[in-house]
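Me: I'm new to reading protein structures. Could you walk me through a few features, one at a time?

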Amino acid sequence: MSPVLDVRDVSVRIRVPSGHHVQAVDRVSFSVEPGETLAIVGESGCGKTMLAMAVLGLLPSGGEITNGEVLLDGEDLRTATPSRLRDIRGRTIGTVFQEPMAALDPVLTIGRQIAEVIQRHEGLSKDAARGRVLELMSLVGIPDPASRIDQYPHQFSGGMAQRVVIAMAIACRPRVLLADEPTTALDVTIQAAVLRVIDSLKHQLDMAVVLITHDLGVVADVADRVMVMYAGRVVEEADVLDTFAAPQHQYTRGLMGAIRHPTRTPPRSRLTEIPGMVPTLLAPAQACAFAPRCPLADDRCRAELPLLGPIRDHHAVACFHPGVPA
Amino acid sequence: MSRYFLRRAGESLIALWLATIVVFIGVRSLPGDPAIAMSGEGREPAANALIRQRYGLDEPLPIQYLRWISITITGDLGTSIRTGQPVTAEILSRIPTTLELAGLAGLFAICFGLPLGIAAAVRRGTRLDYLAGSVGLIGLSIPTFWLGIVLILIFAVWLEVLPASGYVPFLEDPIQNLERMILPVIVLGSALGAVLLRQVRSGMIGSLGSDYVRTARAKGLTERQVVVGHALRNSLITVVTILGLELGALISGSVVTESIFLIPGFGRLIIEAVSRRDYPVIQGVALFSAVAYIAINFGVDLLYSYLNPKVRMGSTAQ
Amino acid sequence: MTLVTADPATFQGKGVVRRLMSRPPTAIGCIVALTIIVVAIAAPIVAPYPPAANDFDAILSPPTFAHPMGTDELGRDTLSRAIWGARASMLAGILATLLAVVVAVPIGLISGFYRGRIDGLTMRATDAMLAFPFLIVAVLLTAILGPSLQNAALAIGLVQIPKLIRITRGEVLGLREESFVQAAIADGAPDRSVIFRHILPNTLNVLLVQATVVLPFAILAEATLSFLGLGVQPPTPSWGVMLTAAQPYLGTAPWLAIAPGMAILLTTLSFNLVGDGLRDVLDPRLDR
């Protein structure tokens, strides 16, 4: 099956107020097929959100894609006109952001906000759209849609609000769903419910899902494949089971070690911390970005840039010492 | 909504009551015979004694206040020392003129401040933004009366295209009326327009950077839908609130504008009363302004609660 | 486990000044404003003529070398009078601002900190005070006390008090809930100490920004009041008074109106620029 979304060798550069440039994304590639969930994992500042914004064409002013292609069903979004991008957003690519309460306009009813997407892309009248909105609300699991459709965002709890956002994102049956930290702002108990919704919708609508998160628990729960990013670059990419069972990159290992696993983590052991801090992306060295924090780093790592290369079937790493136990 | 309404109504009434106390103290502090100050009459001993009795001037202060407020509340604000006419009637006759001036000035301020503020926010950082910002800053810093003088200088003295002053009632001659309103409206409306410009720009920048605007863009809405339907709608609430608060500034501004352009309105009445020591009129004017101002604020609060759903229905998350 | 109890009241001293001056408009505003203040203080030295000096040979003369801004109907040098006029404006502005701050801040602090009935009373009182437009207050006050610079400053200051109370109170209400204040209270610190050592320093930023808003307003207000005859009385020079005197001669001697007006505009503009800059630097979330 051919991928719906095929991002090839994309780099994103952002100009900061002081006049310098930050390399937010450095030659990243990934692709997603219908019905599969790709999780993009990394800490804050690793470029994953900028990557998503680049795909959508919503980079902040001062940001630009300096390299690569963003192919949506073969069409390069990088060369698309703003008008074409507006047509694609909401209709072919749906987006869910992190803070559901902030993502909703406080002065409009949620019914209006969901209907807006449908009216914009499918030209339906207000009344016709209303029926669709009610259906969508049921689809995402909002109880008693008829009584809630005319309510305002502040009358919704976080989890319910996020369902509204999801409803807006899938309203036009998009091919791709981009979810940027969709559960981070929610209570742990609600997180699972929201992930279920996304997962079930994925199957029902045969969507490709790109799930951006820093939470490996989420990854383990719903992802099919994982892409680990560090300092704007991809450091590892594999099927989810593979990644958890045998992480090849030291950073991935560090991330795994930083969470407790019910069976794998030895009891009463210390959680590993990754020493050091995420580098600023002002002038990325042509060397391994993780070297300063890596126990395996040697001179080659500090002088040469490791490229992403396959280790096994469906498993790629960007490291000169993959899989070496620390 | 009704609970909010009742609460605000109660607060407004209390404020109003406190304001009347302030006016009362002010009037009682005026130099001269309080009987004359409050009623405008009583120059002869016999009449004076009657007034002293009516206003309870020989009784303790709180009683005086009660008497005064009971007289005043019926609309009897005394008689103007200068004209001998009832103060209430005089004030009421001047109000329409000032209303016309203030209304047109408000319209001018909106027409000039709103679009510029939006444009500046949407095209932030561009030359248009700096231009709009400068216009706003100058409008804010320029003394109203000087602007009036300069405009008179340019348009009436040098170019001779507009009259320098004077007023013709609208019903008498609409064209002349409006012609003479042009400069005063610009003068009065500029400061307000400048404030509006800055507030709109500031509000819009905030809205445009918000998450819900980002979501709106991610939904593929047109720029117009995003800017007007979402960003502007949210900013308007703050803008309306601020406009309402600045309406009081319109009253102050009208004093100066009417003085320069010799428009016989409420504002000018104030100045005339002061220079002629027409205390009953001063009393009436102070009361009137307080009532009007509190009423306007109350109205603005109601409007705000109508526009802001959170206030309208109280927050109850489900 | 560490709670965030550190007191963030860092005024950032030198950093603030440097950042202020890095923006051209603000820097210009600062320089101009400082110049005007210096001129006002040094008026006797800077002004070419004393304000009341008559030169009957040069009545209503247009700008010449001897009188760079012309003379008025009594032969007085406009430039000198404009320089002396700066004193009245500065004085009124500073007096009014001081009055407003000294009265409003303590009330706002107490009202915001203790809440409850005191707060309710304060709110109603400020509502009542806010009910009077500035000019009405000025009119009433000068009717009672007589027109003068001090009374004008009094009126201007009075009018600013309710707004400042509201702003201080708002800040205090918010600060009260911050963890470092809660920690101090839980520690058993006396109210007085909490207010002065924790809450007050953190309100200074906002107050400073407000002061830069009040000052230009006060200067404009003083000029307006003098213009209307409710403030400084002639022959004391004040920009407003000069403008009143200039009105009858608009056609024949327009320069009489231009000098004082430009002076007011420059002063308010520069202070507004400084205020804007301060706001940008001290409170970046109020994005302007």
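**Salt bridges, helices and chains**

Reply: Sure, let's start with salt bridges: over all chains, the count comes to 37. Keep in mind that this is a predicted model.

Me: What makes a pair count as a salt bridge, and which residue does A:Asp26 pair with?

Reply: You look for a side-chain nitrogen of Lys or Arg within 4 Å of a carboxyl oxygen of Asp or Glu. Here, A:Asp26 pairs with A:Arg233, and their closest N and O atoms are 2.8 Å apart. A:Asp26 sits in strand 2 of chain A and A:Arg233 in strand 10 of chain A, so the pair ties together parts that are 207 residues apart in sequence.

Me: Are A:Asp26 and A:Arg233 buried or exposed?

Reply: Both A:Asp26 and A:Arg233 are buried. Now look at chain B, where B:Asp33 and B:Arg52 form a salt bridge at 3.8 Å, N to O. That pair also links distant parts of the chain: B:Asp33 is in the loop between helix 1 and helix 2 of chain B, while B:Arg52 is in helix 3 of chain B, 19 residues apart. B:Asp33 is partly exposed at 27% relative accessibility, and B:Arg52 is partly exposed too, at 25%.

Me: What about a salt bridge inside one helix? How far apart in sequence are C:Asp127 and C:Arg124?

Reply: Here's the general idea: an α-helix has 3.6 residues a turn, so residues three or four places apart point the same way. In helix 5 of chain C, C:Asp127 and C:Arg124 are three residues apart, about one turn of the helix. Their side chains meet in a salt bridge of 3.0 Å, N to O. Buried means under 20% relative accessible area, so C:Asp127, at 16%, counts as buried. C:Arg124 is buried as well, with 16%.

Me: Which network of salt bridges includes C:Arg124 and C:Asp127?

Reply: The network links them with B:Arg7, B:Arg8, B:Glu11, B:Asp301 and C:Arg166.

Me: And how do I read two helices packing together? At what angle do helix 4 and helix 9 of chain C cross?

Reply: Follow the axes, then see who touches whom. The axes of helix 4 and helix 9 of chain C come within 8 Å and cross at roughly 145°, in a right-handed crossing. Among the residues in contact are C:Ala88 and C:Phe113 of helix 4 and C:Leu207 and C:Glu222 of helix 9. By class, this contact has 19 nonpolar, three polar and two charged residues.

Me: Last one: which pair of chains has the most contacts?

Reply: Of the two pairs of chains that touch, chains B and C have the most contacts. Chains A and C do not touch, and their nearest C-alpha atoms are 12 Å apart.

Definitions and conventions. Residues are numbered from 1 along each chain as its sequence is written. Chains are lettered from A and ligands numbered from 1 in the order in which they are written. This is a predicted model: local features need pLDDT of at least 70, side-chain atom pairs count only at pLDDT 80 or more; totals for chains, interfaces and linings use all residues. Side-chain values use heavy atoms; hydrogens and water are left out. Axes are lines fitted to C-alpha atoms, for helices over the stretch in contact, and angles run from 0 to 180 degrees between N-to-C directions. Helices (H or I, at least four residues) and strands (E, at least two) are DSSP runs, numbered from the N terminus. A crossing is left-handed if the near helix is turned anticlockwise from the far one by less than a right angle, and right-handed if clockwise. Contact means heavy atoms within 4.5 Å. Ala, Val, Leu, Ile, Met, Phe, Trp, Tyr, Cys and Pro count as nonpolar, Asp, Glu, Lys and Arg as charged, and the others, Gly among them, as polar. Buried means under 20% relative accessible area, exposed over 50%, partly exposed in between (1.4 Å probe, protein chains only).
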